[in-house]
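Student: I'd like to zoom in on one spot in this model and then see how it sits in the rest. Could you walk me through it?

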Amino acid sequence: VVTWTDLTQQPEDPIFKLLNECIADSDPSKINLSIGAYRDETGKPWVLPVVQKAKQILLSDPASNHEYFGLDGNRSFTEASARLILGQDSAAMKDKRVTHIQAVSGTGAVRLGADFLAKFRPGTVYITNPTWGNHPKIFAASHLKVVEYNYWDGKTRTIAYDTLLDNLNTAPVGSIFVLHACAHNPTGLDPTHDQWKQIASIMKERQLFPFFDCAYQGFASGDLDRDAWAVRYFVEQGFELLVAQSFSKNFGLYSERTGCLTGVFADKETTVKAHSQFCALVRCSISNAPGFGAKIVDIVLKDAALTKEWKENLKTMANRITLMREKLFEHLKKMETPGIWTHITSQIGMFSYTGLTLAQVAAIKSKFHVYMTDEGRVSMAGLNESNVKQFAEAVDWVVR
Ligand code: PMP
């Protein structure tokens with residue numbers, strides 16, 4: 001007899017709950033700084049002009065159809081995706097030590113990687129504290145033990161570098177470390193090149209496995225190669241690793257679920273076997289990856305002129321976010337808002353981790369209709385010329 005005794009009501013996901021609350025708020029002055037989705041200077045979603053062009057090309061291609069791709073997805077797309085992160089002349093790719101498979105966006109790529117590791121290289125998974133809210137859920141769903149490592153120093157509002165190194169040094173040998181390739185979510189703080197080198201050296205010594213999550217390539221600095229530096233450095237150092245890539249943000253393809261899981265292994269034989277297991281995991285979960293977004297990205301990446309245009313579109317987004325950081329900082333400075341605010345401009349990527357407390361976040365939500373996550377994370381793209389001053393005033397009010 002089915003009784004559903006264990007069927008309890010699952011609380012709403014915090015970030016989507018916040019978004020829904022904001023949508024339901026009828027106050028015209030509300031400011032949505034919740035979800036990490038780019039908005040243009042008028043506060044509207046932005047379809048990248050290069051994506052518009054690629055859509056036209058796709059629509060007018062008589063050979064285009066809706067056939068299945070095969071278990072590993074659109075291969076032209078996954079190959080381009082791997083090259084984007086590993087570099088056009090990747091030595092590992094030349095050596096055939098790299099395999100790639102299409103995934104249901106970044107989330108699906110992290111999950112696929114987690115399932116793969118759980119089956120073939122299990123270990124405790126270390127995620128940054130704080131991190132993207134879905135990380136602990138995904139790894140737990142793959143039945144891996146999840147532990148946090150230190151990342152944020154609330155006092156100085158910088159990376160908790162010393163304790164991070166301690167955590168690397170004391171984690172069980174062979175553990176898995178989830179690393180944010182660039183534009184760490186939510187803090188917007190990435191290790192410097194020297195820090196990455198030290199992290200890599202400890203990880204190598206202690207045989208810690210790097211699983212890079214790359215959801216913001218091009219968003220951190222506006223430069224795709226610069227944002228891929230850490231991943232490429234680890235590959236050059238001879239690590240075996242996984243990289244989960246999302247094209248949600250850098251192509252604005254959020255709901256098209258466009259992503260890729262790339263694995264770099266020590267030799268060709270392991271790579272071939274890993275590919276077969278990636279395919280087996282895809283077969284019993286999604287069977288075939290979604291077509292549209294992958295086709296759009298592929299059209300852009302295989303055409304030099306469109307790729308150039310994409311890079312300009314990326315700069316448009318990255319620059320507008322940088323400008324908003326500067327404006328917000330200027331307003332706070334002008335009002336002599338108590339506290340240190342330099343992290344607003346030193347953080348990179350889509351988010352600013354303000355350091356506001358749970359109580360302060362709640363207070364400005366009820367008084368000013370400003371929606372940011374409980375931990376004080378602000379999606380910078382939600383700010384524009386017409387609301388940045390208002391937001392700065394809300395922050396000023398709440399910290400006084
Ligand atoms: N990883 C991180 C760190 C992210 O911030 C995101 C997007 N919020 C993702 C992965 C994946 O997002 P998506 O599944 O929409 O590509």
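Is His 143 buried or exposed, and how many other C-beta atoms lie within 10 Å?

Tutor: His 143 is exposed, with 11 other C-beta atoms within 10 Å. The cut-offs, with C-beta atoms placed from the backbone, are 20 or more such neighbours for buried, 12 or fewer for exposed, and partly exposed in between. A quick caveat: this is a predicted model, where local features need pLDDT of at least 70 and side-chain atom pairs count only at pLDDT 80 or more, while totals for chains, interfaces and linings use all residues. Numbering starts from 1 along each chain, following the sequence as written.

Now the backbone. His 143 has a positive phi of about 65°, though it isn't a glycine. Most residues other than glycine have a negative phi, and most peptide bonds are trans. You'll find His 143 in the loop between α6 and β4 (146–150); these labels are DSSP runs, H or I of at least four residues for helices and E of at least two for strands, numbered from the N terminus.

Ser 287 makes a handy companion, as its phi is also positive, near 65°. Ser 287 belongs to the loop between α11 (268–283) and α12 (292–301), and it counts as exposed with 9 C-beta neighbours inside 10 Å.

Go to the loop between β3 (125–129) and α6 (134–141) and you meet Pro 130. The peptide bond into Pro 130 from Asn 129 is cis, with omega near 5°. Another cis bond joins Asn 185 and Pro 186, with omega about 15°, and Pro 186 is in the loop between β7 (176–180) and α8 (193–205).

What about the ligand? Its shell has 13 residues, and Trp 132 is among the closest, along with Ser 105, Gly 106, Thr 107 and Ser 246; a residue joins the shell if its C-beta atom, placed from the backbone, lies within 6 Å. Helix α5 (residues 105–120) gives the most to the shell, three residues.

Stepping back, the protein has 16 helices and 13 strands. Its radius of gyration is 21 Å, close to the 21 Å from the globule rule for 400 residues, so it's as compact as a globular protein of that length. For the record, that radius is taken over C-alpha atoms, and the rule is 2.2 Å times the number of residues to the power 0.38. Unlike His 143, which is exposed, 45% of the 400 residues count as buried.
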